[in-house]
Number of protein chains: 2
Amino acid sequence: MVSIYDIAKAAGMSAATVSRALADNDKISRSSRERIQRIADEMGYRPNLLARNFRQKSSSMIGLITDDVSDELSGMIAKGVEQALRDNGFSMLVRNVHHDLDNEQSAIDYFADMQMDGVILADSTLDSLAEVPSTKLPFVLINRFSSAEEPVSIVCTDDFAGGYDATDYLIKLNHHKIAYINGPEDWYSSIRRLNGYIDALKKNNIPFHSEYVKHGDWFEDSGYRLALELFRSEDPPTAVFAANDMMAVGVIDAARECGLRVPEDVSVMGYDDRTIAKYVRPRLTTIQLPMFEVGQMAGQVLCEMITTGHVPDGKSTRLLVRGNVIERETTAPLQG
Amino acid sequence: MVSIYDIAKAAGMSAATVSRALADNDKISRSSRERIQRIADEMGYRPNLLARNFRQKSSSMIGLITDDVSDELSGMIAKGVEQALRDNGFSMLVRNVHHDLDNEQSAIDYFADMQMDGVILADSTLDSLAEVPSTKLPFVLINRFSSAEEPVSIVCTDDFAGGYDATDYLIKLNHHKIAYINGPEDWYSSIRRLNGYIDALKKNNIPFHSEYVKHGDWFEDSGYRLALELFRSEDPPTAVFAANDMMAVGVIDAARECGLRVPEDVSVMGYDDRTIAKYVRPRLTTIQLPMFEVGQMAGQVLCEMITTGHVPDGKSTRLLVRGNVIERETTAPLQG
DNA sequence: CGCATTTTTGCAATCGATTGCAAAGATTTG
DNA sequence: CAAATCTTTGCAATCGATTGCAAAAATGCG
């Protein structure tokens, strides 16, 4: 490998001059600069970034901690993060921690030892126990919360608004008997979506019936079972809002099983807008979460923190990203 | 930050000794080793990996080049790669190149400058023009081919076998009129799957009808349109095999539109086993590709190349991974 | 031309670790 | 007890760049 010393020798100048010339420093005369540049090209010089970064005490890399990149939403986040980082001259190291706090801590330690410039902690499926990570690196949280005192930067999808918008959309379709199949009770995101649901009912003067709220486990089958209960109850709902798309698919199955047509007899609303939402029949109306943009924002915020020297004003940044209702085929105005 | 020199001072020994002690080198007496270790812990010493890697001329990182991590299959590959790398003490830098060869080249250059230990080039959607990358780094290709002389390592899903197995599965169900909706004609993977389809017909003494082979563009809608043509033709097929799951969903739509029941009147077979296959109704029978394992194997092979010093025997390694038929609800024995 | 400025360049230290070789210290052995 | 051997430690170089400061060269000006 050719180093700046080799170039220096070939050019009959010092390594310092070569370094500055290649950095296009204007302390070096134009003629020397061009000559050195040319020689470097001829010799096929490539800078050793490890050496440079080491000297500079910054790796120009940031670490992305995620539970599982192969999850569709996490993948979108990763893509957005990578995009923003690249635009800012950073690159992205990924570590899947599989819902394990020990893995997470060891990833953070590794990042710190590697002199990473920052960390993004994305979308922990463990959000019930999401904590502020212990690290001195600048970091940004995605869809996680912090109970700590210190200011943190967070980019989050707006679960409350999502719950509200979904419910409000169904109400606008004249539905009053709207059931909500939530995720597990102890998840923050579940709680926030539920609050959005409740708020939408209240704002529209629709009484809240606790029998209309069920808690699933995010999986299809729980949506199916709980919807069955709802459809077979005394006073079945005319619309069901599920807290994710998988459970919504289960709801559609349950409706079919009960001889109910979707959307004519019952409307179904999902959440997340995963790919499956476009492929099930009827196509699922759902809340789309712009995860790519969320990742991008998180990346951007982190880069700014790094560039400008950590936390802006020593204050927490909290970006709430609102999703959109994507109207497809599982919702329709209430008949009669 | 505390360095080994700080520890050396505190311990009254030289930095060399500290370095060796922490590396658990047995040239250092047990007592010194323990004392140094203890002091390091007390001072909260963390090794600077950038310095270490720089000195060692190896970053312990490998680069993953992919078109788009947010694609489900690429995400699975990335997950498998990361797993294998971590097991071997490497970490993974990801770069999305979005089907752009310039991006790919610049990513490779960056990786080389960064002193990465290797590169994995995954799953180019551009496979028609997949070429051997120009790099001196050890690399492994995933689902790509090389037209070059030099030996390369490749991990690939077995498209021929996939095409064969899918077709054979339908034949075993007594179908003889089997249509195949392929991807674009100029994709290698399309060609190989088609050959598998043809071979299965031949082995089972079923005449090949070119009217039964159509070329789509991988998207749902092309599956729909081409299936419509098939179902409305003179002699409609009793089974349709689509070269991916998206097009298969289109086929199901077309069948429904033509008043054909799936699977009673027509069987439908997909390819890839994406998540949507489990969520469409009826659930899609398809060829499952173990992408996680593919990624893992590629990672493993690369780590071995790096550890043992590049290409084994100077010969190409070519691992072909066969998928499995996942029986679900869109296929059934031919009636009557 | 000589002195003051300005522009270019080089010296040498530095970042934090690792490592070959030699030296010092400890232990064994005849 | 001295010589030989083995164990433990330190010196100093090295990896490839960057950078503060000083020196050298070029230029300007009276």
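**Note on the DNA-facing surface, chain pairing and salt bridges**

1. H4(B) gives the largest share of the surface near DNA strand C, with 5 residues. Near means that a heavy atom of the residue lies within 4 Å of the molecule or strand. Helices (H or I, at least four residues) and strands (E, at least two) are DSSP runs, numbered from the N terminus.

2. This is a predicted model: local features need pLDDT of at least 70, side-chain atom pairs count only at pLDDT 80 or more, and totals for chains, interfaces and linings use all residues. Residues are numbered from 1 along each chain as its sequence is written, chains are lettered from A and ligands numbered from 1 in the order in which they are written, and side-chain values use heavy atoms, with hydrogens and water left out.

3. Which residues come nearest to DNA strand C? They are Thr17(A), Arg20(A), Lys57(A), Ser19(B) and Arg55(B), out of 29 residues around the strand. Of the atoms of DNA strand C that come within 4 Å of the protein, sugar and phosphate account for 57%. By class, this surface has 11 nonpolar, 9 polar and 9 charged residues. Here Ala, Val, Leu, Ile, Met, Phe, Trp, Tyr, Cys and Pro count as nonpolar, Asp, Glu, Lys and Arg as charged, and the others, Gly among them, as polar.

4. Now the individual contacts with the strand. Arg20(A) places a polar side-chain atom 2.6 Å from a base oxygen of DNA strand C. Chain B reaches phosphate oxygens of the strand: a polar backbone atom of Asn48(B) is 2.9 Å from one, and a side-chain N or O atom of Arg52(B) is 2.7 Å from one. The elements that give two or more residues to this surface are helix H2 (15-22) and helix H4 (49-56) of chain A, plus helix H1 (4-11), helix H2 (15-22) and helix H4 (49-56) of chain B.

5. Chain B superposes on chain A by a rotation of 180° with 0.0 Å of shift along the axis (RMSD 0.1 Å). The two copies are therefore related as by a two-fold rotation axis. Both copies use the same surface: 100% of the contact residues of chain B recur in chain A. Contact means heavy atoms within 4.5 Å. The superposition is by least squares on the C-alpha atoms of residues with pLDDT of at least 70 in both copies.

6. Salt bridges come to 48 over all chains. The rule is a side-chain nitrogen of Lys or Arg within 4 Å of a carboxyl oxygen of Asp or Glu. One of them pairs Arg46(A) with Asp113(B) (3.4 Å, N to O). Arg46(A) lies in the loop between helix H3 (30-43) and H4 of chain A and Asp113(B) in helix H6 (residues 101-113) of chain B, so this pair joins two chains. Arg46(A) is partly exposed at 40% relative accessible area, whereas Asp113(B) is buried at 9%. Buried means under 20% relative accessible area, exposed over 50%, partly exposed in between (1.4 Å probe, protein chains only).

7. Within chain A, Lys214(A) and Glu229(A) form a salt bridge (2.9 Å, N to O). Lys214(A) sits in strand S7 (residues 213-215) and Glu229(A) in helix H9 (residues 220-231), so the pair ties together parts 15 residues apart in sequence. Lys214(A) is buried at 18%; Glu229(A) is partly exposed at 43%.

8. Where does the salt bridge between Arg283(B) and Glu220(A) sit? It crosses between chains, from the loop between helix H11 (275-279) and strand S10 (286-288) of chain B to helix H9 of chain A. The closest N and O atoms are 3.8 Å apart. Shared partners join Glu220(A), Asp253(A), Arg256(A), Arg281(B), Arg283(B) and Glu329(B) into one salt-bridge network.

Definitions and conventions: A polar contact is a pair of N or O atoms within 3.5 Å; within protein, one must be able to donate a hydrogen and the other to accept it, and residues adjacent in sequence count only if both atoms are side-chain atoms.
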